[in-house]
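Colleague: I should like to discuss this structure with you, step by step. Please begin wherever you think best.

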Amino acid sequence: MKFMKLGSKPDLFQSNGENTRYVATDLAADMIVSVGDVKFYVHKFPLLSKSARLQKLVAVTENGNNEEIEINNIPGGPAAFEICAKFCYGMTVTLNAYNLVMARCAAEYLEMYETVDKGNLVYKIEVFLNSSVFRTWKDSIIVFQSTKGLVPWSDELKVVSHCLESIVSKVSVETSKVEWSYTYNRKKQQVMVPKDWWVEDLCDLSSDLYKRVMIAIKAKGKTSSDVVGECLRFYVQKRLPWFGKRNGEKSGDGVKARSLIEMITELIPDENESVSCGFLVALLHACVRLECGGTRKKELMRRIGNQLPNATVSDIVILDVDLVQELVAIFMMRDQNGEIELSEVKHVDSDAKVKVAKIIDGYLAEIAKEPNTSLLKFADLGDMVSSLPRSTHDGIYRAIDMYLKEHPGIGKSEKKRICRLMDCRKLSPDACKHAVQNERLPLRVVVQVLFFEQLRVTSSGGMVAEAAMGLAPGGSSRTNTEEWGSVPTSEELKALKGEVEKDGEKMNKAKGAVISKRIFMVFSSKDKDSDNGSSDTSESRSTNAEETKSGTPTSRSRRHSLS
């Protein structure tokens, strides 16, 4: 840190109680200057020789010895006045980034100009600011922060504008020309200066000053939008420890936190890739928790909806189902040319559709673990993405199975409702193997899985019986069309998969059985737990049995979803 040392005489200012300051000399004080609650017993000659304002005040209040002058509105208060008084006496005083602006504003108030005395305080501080402080990165930030309590003086003296110019110009230089020290603790320091080298140091600024800096940086136009976005993300995470956490406990002033979130949202660059979708989701989550204005929330949701394919399950899991439904709705209806009219999802890139479907499948699997998740909301969200393409339906199957496990008390009709979300024809071999032994699934779903697996193997020329047991022709294990772990899974499903593998060894003994026999085995094993009076079950048993015997599927069996 740069500093300037003025004067050479020893500091003779002493205290007599908390509110009295005097100069310890043999010469008695002939003037009292009251600054707030503090009285300074000083001498006229040294102070009046450098301060035009004190000269005027003494001329007005001349009433003999020890006249008292009040200057309660001096910027910086008693501390600033004492710096100026010491300078007048020629006592040693050290100025640095922390007290420089305070001294500059007080000197301006006391009119300590060159016209009063050569080499006066205003001139010396201006030279020091321009020749040293504004050329230093960290000093410029400290000085800028110190201007906050000295408004409007710091603005009128253009200290604020000079600070902004200094900071922005340094942020805008090429990294190869950065020669000053800076703070960078986010990751291991590289040999080359990172393009976001300045982000952490700006976090020391208060939110109002930070906003002014970021507006100036964006207006300069020489800093990439992704770096600006990184600066915003780091600032809000440092200021709000609970930011981005689903159940993080809010702390501090809620009004200040709301103002901060609204400010950050306003400062986000217009470019879509300037900030991650995860950061936008975290802002939306905070916006809802802090009850921010509807305009901010609407803008965040619009941006997230347009970037939804770039999100992850861990990003959106902090949001409730209603918000996710709104985001999916925005994705399904994209803005067209910035107009209010919206275009259908068919205009969205097919890869984006696949990504969103996978994300929502994973999200459903996560919220299925929560006992208070409404079946209606779960099913409605699944319906919203039912038309989106998927390579397999393993993801939605996992979500359904998890919901059935965590909500064992739901009825048959409710089970049918959520099972309609998946297409049994699009389950991978591993998922099929798991489904046919899943006691939580309705019986009709198990039959459909077995039936479509039969058709798949038959069309590929494989053995029907081996298809029912999840084996490739020749008795070897079938290669998955998609890796089991390619879609986010829960620990419970992994455990269930292990159980299926054990059951598969037992099934190898019945390797030569035909698919119709496997269907009847499923029925007989599940009839023990089914309702004897259920018309759905009896109807399914008779219908599917007839279809199996005839070898010709009826129109009812051809449907891939439950009726």
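**A side chain and its surroundings**

Modeller: The side chain of Asn99 reaches the backbone nitrogen of Asn96 at 2.8 Å. This is a predicted model, in which local features need pLDDT of at least 70 and side-chain atom pairs count only at pLDDT 80 or more, while totals for chains, interfaces and linings use all residues. Residues are numbered from 1 along each chain as its sequence is written, and side-chain values use heavy atoms, leaving out hydrogens and water.

Colleague: Why does Asn99 count as buried?

Modeller: Asn99 is found in the loop between β7 (93-96) and α4 (100-109). Buried means under 20% relative accessible area, with a 1.4 Å probe and protein chains only. Asn99 counts as buried because its relative accessibility is 15%.

Colleague: Leaving aside neighbours within four places in sequence, with which residues is Asn99 in contact?

Modeller: Contact means heavy atoms within 4.5 Å. With neighbours within four places in sequence left aside, the residues in contact with Asn99 are Ile83 and Thr94.

Colleague: Which residue in β3 stands opposite Phe13?

Modeller: Strands are DSSP runs (E, at least two residues), numbered from the N terminus, and helices are such runs of H or I with at least four. Two strands pair if DSSP finds at least two bridges between them; β2 (residues 13-15) and β3 (residues 20-23) run antiparallel and are joined by 3 bridges. Opposite Phe13 in β3 stands Val23.

Colleague: What is the bridge partner of Thr20 in β5?

Modeller: β3 pairs with β5 (residues 38-42) in the parallel sense, over 3 bridges. The partner of Thr20 in β5 is Lys39.

Key
Buried < 20%, exposed > 50% of the residue type's maximum accessible area, 1.4 Å probe, protein only. Polar contact = N/O pair within 3.5 Å; in protein donor to acceptor, adjacent residues only side chain to side chain.
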